[in-house]
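Visitor: Please pick one part of this structure and zoom in on it for me. Then take me on to the rest, one stop at a time, in plain words.

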Amino acid sequence: LEKGTGIFYQQMQVGTVQDIRHVGDKGFRVAVHIEPEHQHLVTAQSRFWNTSGVRLKGGLRNFDVQVHSLKSVLAGGIAFDNRAGEQTAEDAGPVINGRAFVLHDNKDKALQTISVRLDAETANELVAGQTRVIYKGSVIGEVHGISFAQEQGDFIVTLGLLPEYQSLLRQQTVFWLVKPELSLAGLTDTEALFGGAYIGLRPGD
């Protein structure tokens with residue numbers, strides 16, 4: 001990113017980066033300008049992400065190449081959208097000048113706003129930014145982070161889920177790792193074979 005980098009809303013350029021400053025251990029502060037005729041598009045629920053370059057993800061069957069636009073690939077860019085969760089009337093209104101937002105690494109992280117922590121004995125087969133969370137055949141999130149908790153001696157796996165699936169998170173909801181396995185009866189899960197190991201879930205009562 002640099003000064004002059006485009007800001008996009010649904011692939012339409014609506015503004016530019018005005019300034020980038022280093023703020024120590026906190027990272028960088030990116031100041032942007034949204035053109036007056038497009039400022040109503042930015043609400044309290046807006047989610048911003050970096051669209052620079054090309055992101056490759058997926059397995060043998062569902063290989064996904066994520067490209068925002070040719071312009072953002074060549075020159076870099078920031079995109080935003082307002083589809084991350086239900087909005088109240090207050091959320092949907094305009095924001096004040098100078099409001100701070102988080103700039104996420106990619107669109108998936110930006111829109112998967114529901115954070116879930118899992119404790120796991122092992123993190124084998126799990127890859128942050130790659131391992132999917134699947135419910136009834138639909139991808140509803142992915143692994144956002146993996147860390148080792150030395151005191152407990154296990155791994156902390158952080159998931160990001162799309163907000164429309166928040167109702168699945170109940171007291172007795174169960175998560176498990178699904179891996180491709182071959183037996184005399186045949187392949188147990190073709191989704192895992194072609195798309196890689198994933199996390200399944202069963203909602204609690």
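**Starting at a loop**

Guide: Let's begin with Glu-125, which sits in the loop between β9 (114-120) and β10 (132-135). Before we go further, keep in mind that what you're looking at is a predicted model. Now for the backbone at this spot: Glu-125 isn't a glycine, yet its phi is positive, at about 80°. Here's some background for that: most residues other than glycine have a negative phi. As for its surroundings, Glu-125 is partly exposed, with a relative accessible area of 48%. The cut-off for exposed is over 50%, so at 48% Glu-125 counts as partly exposed.

Where else does a residue other than glycine have a positive phi? Go to Gln-11, where phi is near 70°. You'll find Gln-11 in a loop too, the one between β1 and β2. Gln-11 has a relative accessible area of 57%, so it is exposed.

One more loop stop before we turn to side chains that pair up. Pro-36 is found in the loop between β3 and β4. With 56% relative accessibility, Pro-36 counts as exposed. Try finding Val-14 from there: Pro-36 and Val-14 are 22 residues apart along the chain, and their C-alpha atoms are separated by 9.0 Å.

Next, charges. Side chains of opposite charge can pair when their charged atoms come close. How many salt bridges does the structure hold? There are four. Take the one between Asp-19 and Lys-3, whose closest N and O atoms are 3.9 Å apart. The cut-off for a salt bridge is 4 Å, so this pair, at 3.9 Å, makes the list. Asp-19 belongs to strand β2 (residues 12-22), while Lys-3 is in the segment before β1 (6-9), so their pairing ties together parts that are 16 residues apart in sequence. Are the two partners buried or exposed? Asp-19, at 19% relative accessibility, counts as buried, whereas Lys-3, at 59%, is exposed. Buried means under 20%, so 19% puts Asp-19 in that class. Arg-21 joins in here as well: Lys-3, Asp-19 and Arg-21 are linked in a network of salt bridges.

Now slide along the chain to Asp-105 and Lys-109, whose side chains meet in a salt bridge with 3.5 Å from N to O. Asp-105 counts as exposed at 54% relative accessibility, and Lys-109 counts as partly exposed at 23%. Another salt bridge brings Asp-119 and Arg-117 together, at 3.3 Å from N to O. Asp-119 has 54% relative accessibility and counts as exposed; Arg-117 is exposed too, with a relative accessible area of 52%.

From charges, let's hop over to rings. The structure holds four aromatic pairs. In one of them, Phe-48 and Phe-101 have ring centres 5.0 Å apart and planes at 50°, so the pair is tilted. Look at where the two come from: Phe-48 is part of strand β4 (residues 47-50), and Phe-101 is in the loop between α2 (89-92) and β8 (103-104), so the pair ties together parts that are 53 residues apart in sequence. Phe-48 is buried, with a relative accessible area of 9%, while Phe-101 is partly exposed, at 28%. These two rings have company, since Tyr-9, Phe-48, Phe-80 and Phe-101 form one aromatic cluster.

Stay with Phe-101 for a moment. Which residue lies over the face of Phe-101? That's Arg-99, at 5.3 Å from the ring centre.

Arg-99 and Phe-101 lead us to our last stop, the largest pocket. Its volume is about 910 Å³. The lining of this pocket takes in 26 residues, and those nearest its centre are Val-30, Val-32, Arg-99, Ala-100 and Phe-101. Strand β3 (residues 28-34) gives the largest share of the lining, with seven residues. And what kinds of residues make up that lining? Sorted by class, there are 18 nonpolar, five polar and three charged residues. So if you want one place to revisit, try Phe-101: find its tilted partner Phe-48, then Arg-99 over its face, then the pocket whose centre both Arg-99 and Phe-101 lie nearest, along with Val-30, Val-32 and Ala-100.

Notes
Residues numbered from 1 in each chain as written. Heavy atoms only, no water. Phe/Tyr/Trp six-rings, centres within 6.5 Å; stacked < 30°, edge-to-face > 60°. Helix = DSSP H or I, 4+ residues; strand = E, 2+ residues; numbered from the N terminus. Buried < 20%, exposed > 50% of the residue type's maximum accessible area, 1.4 Å probe, protein only. Lys NZ or Arg CZ within 6 Å of the ring centre and 35° of its normal. 1 Å grid on protein atoms, 1.4 Å probe; cavity = no way out; pocket = protein on both sides within 12 Å on 5 of 7 lines; lining within 4 Å. Points joined across faces, edges and corners; volume = space filled by probe spheres on them. Nonpolar A, V, L, I, M, F, W, Y, C, P; charged D, E, K, R; others polar.
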